[in-house]
2 protein chains.
Amino acid sequence: SEPWAIHFSKERKMLIVANIRGREAFLYSVYGSIESYDGYERFEFQHSYSKVHPIPEEYSPGGIFMSFEFYNVEERNRVKCLTGQYGVPMSTQWTSSGHYYPIQIAQFGLSHYSKHLAGPKPKVQVLEDGESGDTSEWLLPDRRSQLAVKTDVDFTDNSIIEFDTSENLKNPGITISMDEKKLSTLSLDIKFISNGSLTVLLRTGDGNLFRIHYVLGDTLIYLQKRDLYYGLGSKARGKWLHITRMVMVDFQKGLALSMSKSKVAKFKRNARIAAICLRGHGLVDNVTLSSAAHLEHFFDAANYLVNQQDDQGGWPIMVQRKLVPAVLELDAGWYSAMGQGQSISLLVRAYIVSKDQKYLDAAERALDVFEIKSGDGGVLTKFAGVYDWYEEYPTTPSSYVLNGFIYSLLGLYDLKEVASGKGAAHATRLFDVGMKTLKNMLLMFDSGSGTFYDLRHLTLGGAPNRARWDYHTVHINQLNLLSLIDNDPLFTTTAKRWTDYMKGKLSPHN
Amino acid sequence: SEPWAIHFSKERKMLIVANIRGREAFLYSVYGSIESYDGYERFEFQHSYSKVHPIPEEYSPGGIFMSFEFYNVEERNRVKCLTGQYGVPMSTQWTSSGHYYPIQIAQFGLSHYSKHLAGPKPKVQVLEDGESGDTSEWLLPDRRSQLAVKTDVDFTDNSIIEFDTSENLKNPGITISMDEKKLSTLSLDIKFISNGSLTVLLRTGDGNLFRIHYVLGDTLIYLQKRDLYYGLGSKARGKWLHITRMVMVDFQKGLALSMSKSKVAKFKRNARIAAICLRGHGLVDNVTLSSAAHLEHFFDAANYLVNQQDDQGGWPIMVQRKLVPAVLELDAGWYSAMGQGQSISLLVRAYIVSKDQKYLDAAERALDVFEIKSGDGGVLTKFAGVYDWYEEYPTTPSSYVLNGFIYSLLGLYDLKEVASGKGAAHATRLFDVGMKTLKNMLLMFDSGSGTFYDLRHLTLGGAPNRARWDYHTVHINQLNLLSLIDNDPLFTTTAKRWTDYMKGKLSPHN
Ligand SMILES: [Ca+2]
Ligand SMILES: [Ca+2]
């Protein structure tokens, strides 16, 4: 075989693989930086992990969303944790203090919805549902503590468990023990009558115990040695809560507060669930461990969005966004067409699964933000005063981020297909206008060797912002999806060419 | 010094120069093809010869046009010859039978105008102006032939020469001899009363004689062994002609009809002018050899354009143009905004030099074509229905060729600066609208690593047409020129970035 040489250009972040004797040369962009340690300088890099997924056979508003079944939103570094109050991600993107980022929440929900459809049926073990009448697996910490089967006053054919013990966190609690690795998603229905808490005990690889406490209160996430706290909200007492926790994700996010990513991974890999404990006075039912509970996470996201939607039908983003510092900035409270669109895609699916009208109503209300100009606090801009564009980042001047615009169109598509009457007409009009824009402007993002992330160069007069391969791949996956809902050959031919660009093929020159 | 490796990719026409031990890698596009001969396969390539010229200190409508002083239009392969009738190039671009291509004619004129301003003062030798009264240098071929000094009937203080000999081409003619290499541009005033001809004798490197005959008639160019014919036009008899010929160019174009480029170059290099001969009955004056006669070529072009302008103010291009075969085609008779603009730049300069109003009038009439939509046979299109664009190739759908548009704007600028009254107002309006378009659309041509030649991808929905470095260089030179007439930093910052692209620097990615 021929000898090969590998070179790279520091400035251009370009890796060149060249056949020494032959004529072949391949060029890849790599991402990385020069790192100095151990007395050596190294260029540490990674190629994009993103990939172009095979084109699915069809797309439907109740089906898998794009290739989101491959997303693990909650594991991303910029997710601080899934909050105890809502079970949705808290983002540290653009602010270390954290904010509820509707795009991330919608993607979290859509990824779990897609995993639900794509993945194997989860394994489920019910630890307690009160129906057997046997509570002997529960261990009481002292003689004053009590556990009893009761009839559910709301559903009299259902039995539940009443627990009563000290609310003090030093109290080990009323406990059910196990040694579980694979079924690490805990779900249960619980109602705290007094103050109380729920604790999951983990046995770590070093043989120590680690405690995750779900407490009444507004603590987001708090770590003290081997005690980790998640707040269920200060208003959680006195009402039934349905709680679904990926215990190992909660563990991971807690550890990440105090140790490196690689150490966290090692701890997480070797941890096992040892026990579940209840404190205070309350009712509990359906205590379950499962390999996954995708639909529950999905509905956590959908319910969050229904409950947090504002009067204008929007989900404002409460963090300042500096797309280009001092030039393209958004003050906290901005709407994103991508946030609106992804939320609509999620809510439409929640409606399809649940038939609950509230989800469809929320999706339809979300359309109103598309009618408000970005200069007036909305997301609508017009390219050349002619083509309606829905802005992921509604900056002034406009930024025209491609992937966010397409996500917004997919939301509109989902809704127009499922809604009826006025809602359908509204979504259809917004979708049709947006698709006309996309067809006219799509190739403005074609660089001849890749794609542009946005059109800031046209509005700011500076250098074009080339999309890194991660985003280029998103563009291709989006076009492949669009080709399933619109037979304009523009989408297939462009996706084909953009895929070729990743192999180093360029568009022709004159 | 570090060892270097050079690799190239056949498909991508990409040359990679990589430092074996270090980290540097440079990438160049090269142009070429795989050639097989002598039993070997070779990749024969050339880098672009074009270069980014230093930015001049100022631009004025009477000054050098861009960097056209470096152009040698008449020597290009696609110039069949300079015609005997008009002294302007006949183009074989897009048709081997040849056509008068106004863009080429204007560029020919502008290049000679620019050489006139930029170059050294030409060396001039007057062979005969009739004023000395001594005609002894002329040799008569026989006793019936006559040569005499006469008073010019039109300008009685001027003496001219009357010649009378057989018109037969076998007649060696009334001859003046020399051995001249450097002063190879012949100019003279001549009036054929009977049929007649003018012949230049060349002595070639092999010692043979070669004859270039300028004859009355419509022969464009015709070679028979060592006799080469140029027609002065069938209506040339009976009137004063001012003829200016680059003898070595005429020689080169004739030889090119029968031999390879390298052989032509060798013959041309070694040829010397041996004699000038007159036949038939006529009058002659101001027989001159010079090292260059740029202004005369310039006025040949300007006069051609004045005389050939049509009723709509245009210079129709009488050849079919297939920009994209079967998709973007133009039937013969199309106008080009670049042809109009470059002609205006030429005519404005002819007016400045001559103060002859006819040139300015022609330039102003040329504006009318800018008002006619490309679909109606003109050059005007509107991007997104909003931005007026003047089309080099007024195709349907539009093609938006950048360099042609900018050349048209430069023509409008030249005219608005020099004209007054209605003409100035008209040119100013067209220029202002066009510059607004350019500022809004310029960066649509920025690929992040080079430029696009046109925007066909946006109108046809296909791959972008990347500009080869030749055209990329033209774009940069044009922006540098625009920066002298408009202080918008867009032009300087973009020219800087586009120049960096040629060194392999890319625009940022996200
Ligand atoms: Ca039960
Ligand atoms: Ca004279």
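Let's start inside chain A: Leu198(A) is buried, with 0% relative accessibility, where buried means under 20% relative accessible area, exposed over 50% and partly exposed in between (1.4 Å probe, protein chains only). This is a predicted model, in which local features need pLDDT of at least 70, side-chain atom pairs count only at pLDDT 80 or more, and totals for chains, interfaces and linings use all residues. Side-chain values use heavy atoms, without hydrogens and water, residues are numbered from 1 along each chain as its sequence is written, and chains are lettered from A and ligands numbered from 1 in the order in which they are written.

Leu198(A) sits in strand β13 (residues 185–203) of chain A; strands (E, at least two residues) and helices (H or I, at least four) are DSSP runs, numbered from the N terminus. Leaving aside residues up to four places away in sequence, Leu198(A) touches a set of residues including Phe192(A), Ile212(A), Tyr214(A) and Ile276(A), a contact being heavy atoms within 4.5 Å.

Now hop over to chain B and the calcium ion (ligand 2). Its protein donors are Asp129(B) (O), Glu131(B) (OE), Asn158(B) (OD1), Ser159(B) (O) and Asp285(B), which gives OD twice, at 2.3 to 2.7 Å. Donors are N, O and S atoms within 2.8 Å of the metal (3.2 Å for Na, K and Ca), and water is not among the atoms, so sites may look incomplete. Along the chain, the donors follow the spacing D-x1-E-x26-N-S-x125-D. Asp129(B) lies in the loop between β8 (124–128) and β9 (138–139) and Asn158(B) in the loop between β10 (146–151) and β11 (159–164) of chain B, so this pair ties together parts 29 residues apart in sequence. Asp129(B) is partly exposed at 27% relative accessible area, while Asn158(B) counts as buried at 17%.
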